[in-house]
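Biologist: Please take me through one helix of this model and its surroundings, slowly enough for a first-year student to follow.

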Amino acid sequence: MPASALMNVMTSAARKAGRNLNRDFGEVENLQVSVKGPADFVSAADHRAEETLYYELSKARPGYQFLMEERGIVEGADGSHRWIIDPLDGTTNFLHAIPLFCISIALEREGQLVAALIYNPVSDEMFTAERGKGAYLNDRRRLRVATRRTLADAVVTTGIPHRGRDGHDVFAQEAPRVMAEVAGVRRTGSAALDLAWTAAGRFDVFWEHNLKAWDIAAGHLIVREAGGTVVDATGRDQSLDTGSVVAGNPNMIKALLPLLEKAPTKA
């Protein structure tokens, strides 16, 4: 499917940032790394990627607002549009030379997600979607969520809370219940990739709590444009607000939700 002007802007910015990440990934042992919080590392590569994305998207669409993992909120003259960006989702993987990380870009218009991109520069896989136009891998293959109907046949993916993160008790209760019902459980270390791979049918369903908007936004639209459903752990369409995500086909979500704890509500 021919890319729109908007998607061309997004893919160009992602590829430029991705080239820098690939270069730094090849020299991962030499990266300057600081500690932003317990087990929450931020590298010089992370900041460089965000700077590239900010520059390229600002140049192409002046005045748009931003919500970025490192910079936070950046106001703009155009209050109807907002970029939601994670320049390096899977930073811990990146710093350990594990090639599972990505750039995540979403665009909101009047509070509604209208375009999304998730790009792994190592594998050169780019997952894209525009509202009402479907989801694609590398502009060639139409994405569709898996059609399995029962958890017994499903491979599910999740995020495991680590040191310094909330949710250990909830996960300790959820995991045994889910593991007893499914064919397999996986953890990639990147929520954005989990969502992209769910859209591609590689995973049947994804669940995680305590995520941020930049972790979720692009994957949220890509899954929906691939024919899937995205809700929070209470079954509501409020994932971007609560930080809780359950994504997959409706049968998978209906089967998984009773196994999960109620998602905590953000203050």
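Modeller: Just after α5, G201 takes a positive phi of about 80 degrees; the names of helices (H or I, at least four residues) and strands (E, at least two) refer to DSSP runs, numbered from the N terminus. This is a predicted model, in which local features need pLDDT of at least 70 and side-chain atom pairs count only at pLDDT 80 or more, while totals for chains, interfaces and linings use all residues. Residues are numbered from 1 along each chain as its sequence is written, and side-chain values use heavy atoms, with hydrogens and water left out.

In α5 itself, the buried residues are A191, A192, L193, D194, L195, A196, W197, T198 and A199, where buried means under 20% relative accessible area, exposed over 50% and partly exposed in between, with a 1.4 Å probe and protein chains only. Because nine of its nine residues are buried, α5 is largely enclosed by the rest of the structure.

Part of that surrounding is an open sheet of five strands in the order β12-β11-β13-β15-β14, with mixed pairing; two strands pair if DSSP finds at least two bridges between them. β12 (184-186) and β14 (229-231) stand at the edges with a single partner strand each, so one side of each has no neighbour in the sheet. From one strand to the next, the twist averages 15 degrees. Within the sheet, β11 (residues 155-158) and β13 (residues 205-208) are joined in the parallel sense by three bridges, and T157 stands opposite F206 in β13.

Helix α4 (residues 168-179) lies across β11, β12 and β13 and runs at about 165 degrees to β13. α5 also packs on the sheet, where it touches β11, β13 and β15, and its direction makes about 155 degrees with that of β13. Contact here means heavy atoms within 4.5 Å, and the axes are lines fitted to C-alpha atoms, for helices over the stretch in contact, with angles running from 0 to 180 degrees between N-to-C directions.

The largest nonpolar core has 36 residues, such a core being a set of buried Ala, Val, Leu, Ile, Met, Phe, Trp, Tyr and Cys residues joined through side-chain atoms within 4.5 Å. α5 (191-199) is among the elements that each supply at least two residues of this core, as is β15 (245-248), although α6 gives the most, with eight residues. In soluble globular proteins, nonpolar side chains tend to be buried together.
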